[in-house]
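Below is a short report on the sheets and the symmetry of one model. Look at the structure before reading on.

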Protein chains: 2
Amino acid sequence: MIFECNVPVNFDNNERIRLGHGGGGRLTNNLIEKVFKPIFSNEYLDKLHDGAVISLPSSKIAFSTDSYVISPIFFPGGDIGKLSVTGTINDLAMCGARPMFLSLSLIIEEGFEIPSLVKILNSIKEVSQKLGVNIVTGDTKVVNKGKGDKIYINTTGIGVIEHNLDISPQNVRVGDTIVLSGDIGRHGASIMALREGIELETTLESDCQELWTAVSSLIDEGIEIHCLRDLTRGGLVSALNEIAKTSNLGIFVEESEIPVIEEVRAICEILGLDPLYVANEGRFVAFVPDNYAQRTVEIISNVMGTTARVIGKVTEDNRGKVIMKSLIGSTRLLDMVSGEQLPRIC
Amino acid sequence: MIFECNVPVNFDNNERIRLGHGGGGRLTNNLIEKVFKPIFSNEYLDKLHDGAVISLPSSKIAFSTDSYVISPIFFPGGDIGKLSVTGTINDLAMCGARPMFLSLSLIIEEGFEIPSLVKILNSIKEVSQKLGVNIVTGDTKVVNKGKGDKIYINTTGIGVIEHNLDISPQNVRVGDTIVLSGDIGRHGASIMALREGIELETTLESDCQELWTAVSSLIDEGIEIHCLRDLTRGGLVSALNEIAKTSNLGIFVEESEIPVIEEVRAICEILGLDPLYVANEGRFVAFVPDNYAQRTVEIISNVMGTTARVIGKVTEDNRGKVIMKSLIGSTRLLDMVSGEQLPRIC
């Protein structure tokens with residue numbers, strides 16, 4: 001991959017992270033002054049305090065954290081940097097919160113190349129800048145060679161809630177329509193194809209993308225959203241199971257309505273995976289009253305350029321369970337996967 | 001160390017973390033239901049949403065993050081759990097913010113013993129409960145054996161600012177008195193002694209402890225605090241250098257006023273370390289106007305049971321530098337350490 005650095009960084013291309021870069025002394029200071037500040041400079045971060053002091057526009061907030069340990073760290077459609085920002089922004093978006101502030105904490109393995117670090121940080125900057133999100137506080141730790149794997153990233157986000165909707169699993173109601181934001185499985189399938197060295201005729205990319213733009217459009221258009229959930233580890237089935245269990249209602253979906261593109265289907269067949277369980281990083285389900293369903297589909301498809309679909313509904317029977325009508329017309333229970341299908345997918 | 005679990009956990013003592021515990025499926029769910037929820041249960045976490053939705057009592061907040069990679073994870077005076085909560089709480093306290101909400105994100109190495117995990121989580125609970133801080137959102141990732149080191153923890157905190165003081169490096173002024181909250185070097189010295197197998201006649205423990213109680217007492221007593229900084233990686237000298245550089249003022253300290261206990265001095269001598277650069281996890285410096293200095297010393301000593309001291313002052317000359325009058329009366333520049341003195345100390 002070509003190294004593109006859009007900020008001046010005074011490190012040569014062979015320079016690597018040493019234990020001292022995490023030691024709190026001069027090397028740490030160098031990293032902050034030469035790498036972090038030039039990339040992320042903002043009024044909060046530049047104060048170099050122990051934490052960021054912030055005045056929020058609303059006292060109702062969402063707060064979410066995720067650590068990212070994906071392997072490989074660079075993949076088609078993104079890298080661990082892009083993933084670590086979109087992932088946490090998406091969790092805030094699923095609470096209906098406008099993402100505003102992120103913390104960034106790195107655990108770097110000794111020997112990691114500084115140009116790769118800069119590339120990852122620039123990916124973080126690109127997504128956060130697009131959404132007006134500031135990286136306001138951070139931390140860097142370095143672990144000995146063999147005690148990590150290149151780089152692990154934690155981002156924790158604060159978003160503000162500026163509407164009166166109650167968007168939560170507890171607010172899901174019998175009769176709610178379930179809208180899926182697009183075709184599923186691209187993230188997991190592309191990562192697995194890369195790991196397994198599967199060559200494809202077309203270039204499948206991860207669906208890694210921010211979801212706030214779509215969610216904010218739904219809010220702005222007055223859609224009465226009851227619940228949102230992004231599909232990450234464990235795929236569509238895990239997300240639906242979590243909602244079914246937390247709301248203690250039943251979920252019924254139709255397989256024929258769940259879009260899976262041909263490349264994803266092919267990779268899943270080769271690897272013996274079920275796309276319904278494969279990870280996504282840019283897809284979500286929305287639970288809305290039936291009269292808002294069609295408009296929800298239109299708004300999402302329009303904003304994201306995807307094929308959003310109504311895939312099912314919330315039922316009074318089968319409480320806590322997810323039932324699917326399959327392509328051949330039979331119904332089956334979609335249970336959570338019990339083992340590890342795709343390790344380190346995010 | 002004796003395993004004490006004060007919540008019922010349905011795992012046997014030999015059960016270990018598998019990759020599937022981080023996979024988002026049934027095993028992850030088990031871990032949440034059987035371990036996290038029984039330990040941390042609160043109104044926010046129990047909602048099992050993608051993030052926590054919070055109504056803050058003040059819209060002025062502090063936000064701080066840290067990842068903890070200390071080795072060994074259990075040490076005299078604490079463990080990585082206690083450290084990961086006190087560390088982030090202390091960063092908030094240094095902003096003058098009352099710690100309220102924490103996120104908790106774990107990166108666990110495959111094969112880690114679940115009883116050790118429970119022990120660590122109970123340490124987290126103990127400190128957070130004492131201060132009325134809630135763990136409101138979390139994440140667990142599992143990495144393959146050999147791609148981590150038992151457990152790495154990220155905590156990110158939100159604290160509220162409920163006073164009108166401007167506590168920041170930018171607010172340090174010429175003539176400010178510098179108060180040190182107690183003797184230095186216990187954390188680093190005890191960890192290094194443990195790693196190197198140094199036997200001591202007395203039992204030296206880490207100084208790992210929360211600092212909010214002391215800081216809130218200073219605020220409540222009306223002390224006009226200009227700046228606070230806890231002494232962590234890089235020790236007293238790094239903290240003072242950071243303040244000197246950020247404020248662009250000089251700092252003058254007297255070695256004779258900086259308390260170091262005998263055990264710490266002995267370990268540092270054996271290992272060739274300078275206590276001034278050794279890490280602490282429960283010490284801080286306060287910058288206050290001279291007329292508040294004596295009261296600051298009294299309050300801190302009283303609340304913490306330590307020997308707080310006036311160690312120096314802020315000067316107009318030597319801008320950006322830290323100068324020390326040594327025991328023998330000469331003055332020397334205390335510069336930041338350039339390499340790694342103590343890797344993975346926090």
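Over how many bridges do strand β5 and strand β7 of chain A pair? Ten, and they run in the antiparallel sense. β5 spans residues 98–109 and β7 spans 151–160. Within this pair, A:P99 has A:G159 as its bridge partner.

This is a predicted model: local features need pLDDT of at least 70, side-chain atom pairs count only at pLDDT 80 or more, and totals for chains, interfaces and linings use all residues. Residues are numbered from 1 along each chain as its sequence is written, chains are lettered from A, and side-chain values use heavy atoms, without hydrogens and water.

Strands here are DSSP runs (E, at least two residues), as are helices (H or I, at least four), numbered from the N terminus. Two strands pair if DSSP finds at least two bridges between them.

| Sheet order | Pairing | Edge strands |
|---|---|---|
| β6(A)-β5(A)-β7(A)-β2(A)-β1(B) | mixed | β6(A) (134–143), β1(B) (52–55) |
| β9-β11-β8-β12-β10-β13-β14 (chain B) | mixed | β9(B) (227–230), β14(B) (331–333) |

In the seven-strand sheet of chain B, the twist averages 25° from one strand to the next. Axes are lines fitted to C-alpha atoms, for helices over the stretch in contact; angles run from 0 to 180 degrees between N-to-C directions. Helix α8(B) (290–304) packs on this sheet, touching β8, β11 and β12 of chain B. Contact means heavy atoms within 4.5 Å. The helix direction makes about 150° with that of β11(B). β11(B) is joined to β9(B) by four bridges, antiparallel.

A rotation of 180° with 0.0 Å of shift superposes chain A on chain B, at RMSD 0.0 Å. The fit is least squares on C-alpha atoms of residues with pLDDT of at least 70 in both copies. The copies are thus related as by a two-fold rotation axis.
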